[in-house]
Amino acid sequence: MRFIKSLIILTAVLTASLSSSCARDVIQDKNEFIQKVVGKKVAMSANTWLSPKKDGKLDGRVKGIKVHGKWYWQGDFWCRTARVGIIPIPRECQKITMLNNTSLELKRHKGTGSSHIYTID
């Protein structure tokens, strides 16, 4: 029993230290998004990635299928509409957090939904 308590405490301490060591920077506006993300490849995997352009266009692939769309900034959120192949994807606004300047966390439904981590190439 004592071993289990020690293991729980050790896990809690490690989790807290790892969380605090990860630099998290919420992207606040369009200019910051352009500076940090636009023109770069933002990838979830080798065959799922997006590349937002300065003119508001968006292209990439989802599971290898071509994506074309548009992005814009609304309030505190990055919003996009797109097509994956011929399938329209409805407008979605997301909260974007930069993680250690190497990854992005995109949190759906204006920051209240599920999130996905993308690396920045």
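This report describes the fold, core, internal spaces, disulfide and selected residues of one protein chain.

## Overall organisation

The structure is a predicted model. Its chain contains 3 helices and 9 strands. Read from the N terminus, these elements follow the order α-β-α-β-β-β-β-β-β-β-α-β.

The chain has 121 residues, and 34% of them count as buried. Among contacts with a separation of 6 or more, 25% are made by residues 24 or more positions apart.

## The nonpolar core

In soluble globular proteins, nonpolar side chains tend to be buried together. In this model, the largest nonpolar core comprises 19 residues, and those touching the most other members are Ile27, Phe33, Trp78, Ile96 and Leu104. Strand 5 (65-74), strand 6, strand 7, strand 8 and strand 9 each give two or more residues to this core.

Two of these core residues may be followed in detail. Once residues up to four places away in sequence are set aside, Ile27 touches Glu32, Phe33, Val37, Trp73, Asp76, Ile96, Met98 and Leu104. Leu104 itself belongs to strand 8, and Leu104 counts as buried because its relative accessibility is 2%, below the 20% limit. With neighbours within four places left out, the contacts of Leu104 are Ile27, Val37, Val42, Ile96, Thr97, Met98, His116, Ile117, Tyr118 and Ile120. One of these partners, Val42, is 62 residues from Leu104 in sequence, while the two C-alpha atoms are 8.0 Å apart in space.

## The cavity

A search of the whole structure yields 1 cavity of 30 Å³ or more. The volume of the largest cavity is about 70 Å³. Its lining consists of Phe33, Val37, Val42, Leu50, Pro52, Leu58, Trp78, Ile96, Leu104 and Leu106. Strand 3 (48-52) and strand 8 (103-107) are the elements that give two or more residues to this lining.

By class, the lining of the largest cavity has 10 nonpolar residues, with no polar and no charged ones. Phe33, Trp78, Ile96 and Leu104 appear both in this lining and among the core residues that touch the most other members.

## The largest pocket

The largest pocket holds about 420 Å³ of space. It is lined by 19 residues, and Leu50, Val62, Arg80, Gln94 and Tyr118 lie nearest its centre. At least two lining residues come from each of strand 3, strand 4 (57-62), strand 6, strand 7 and strand 9 (115-120). Strand 6 gives the most, with 4 residues. The lining of this pocket divides into 12 nonpolar, 3 polar and 4 charged residues. Leu50 is named in the lining of the cavity and also among the residues nearest the centre of the pocket.

Val62, another of the residues nearest the pocket centre, is found in strand 4. Val62 is classed as partly exposed because its relative accessible area is 29%, a value between the limits of 20% and 50%. Apart from residues up to four places away in sequence, Val62 touches Asn47, Thr48, Val67 and Val84. The C-alpha atoms of Val62 and Ala43 are separated by 9.8 Å, and these two residues are 19 residues apart along the chain.

## The disulfide

The model contains 1 disulfide. It joins Cys79 to Cys93, with a distance of 2.0 Å from S to S. The link of Cys79 and Cys93 is right-handed, with 110 degrees about the S-S bond. Cys79 lies in strand 6 (residues 77-84) and Cys93 in strand 7 (residues 87-99), so that the pair, 14 residues apart, links distant parts of the chain.

Both ends of the link fall under the 20% limit for burial. Cys79 has a relative accessible area of 0% and is therefore buried, and Cys93 counts as buried at 5% relative accessibility.

## Residues with positive phi

Asn100 is not a glycine, yet its phi is positive, at about 55 degrees. Asn100 is placed in the loop between strand 7 and strand 8. With a relative accessible area of 38%, Asn100 is partly exposed.

Lys110 also has a positive phi, near 55 degrees, and is a residue other than glycine. Lys110 lies in helix 3 (residues 108-111). The relative accessible area of Lys110 is 44%, which means that Lys110 is partly exposed.

Definitions and conventions
Residues are numbered from 1 along each chain as its sequence is written. This is a predicted model: local features need pLDDT of at least 70, side-chain atom pairs count only at pLDDT 80 or more; totals for chains, interfaces and linings use all residues. Side-chain values use heavy atoms; hydrogens and water are left out. A disulfide is a pair of cysteine sulfur atoms within 2.5 Å. Buried means under 20% relative accessible area, exposed over 50%, partly exposed in between (1.4 Å probe, protein chains only). On a 1 Å grid over the protein atoms alone, a cavity is a set of points where a 1.4 Å probe fits but cannot get out, and a pocket is an open set with protein on both sides within 12 Å along at least five of seven lines; lining residues have an atom within 4 Å of a point. Grid points are joined across faces, edges and corners, and a volume is the space filled by probe spheres set on the points. Ala, Val, Leu, Ile, Met, Phe, Trp, Tyr, Cys and Pro count as nonpolar, Asp, Glu, Lys and Arg as charged, and the others, Gly among them, as polar. A nonpolar core is a set of buried Ala, Val, Leu, Ile, Met, Phe, Trp, Tyr and Cys residues joined through side-chain atoms within 4.5 Å. Contact means heavy atoms within 4.5 Å.
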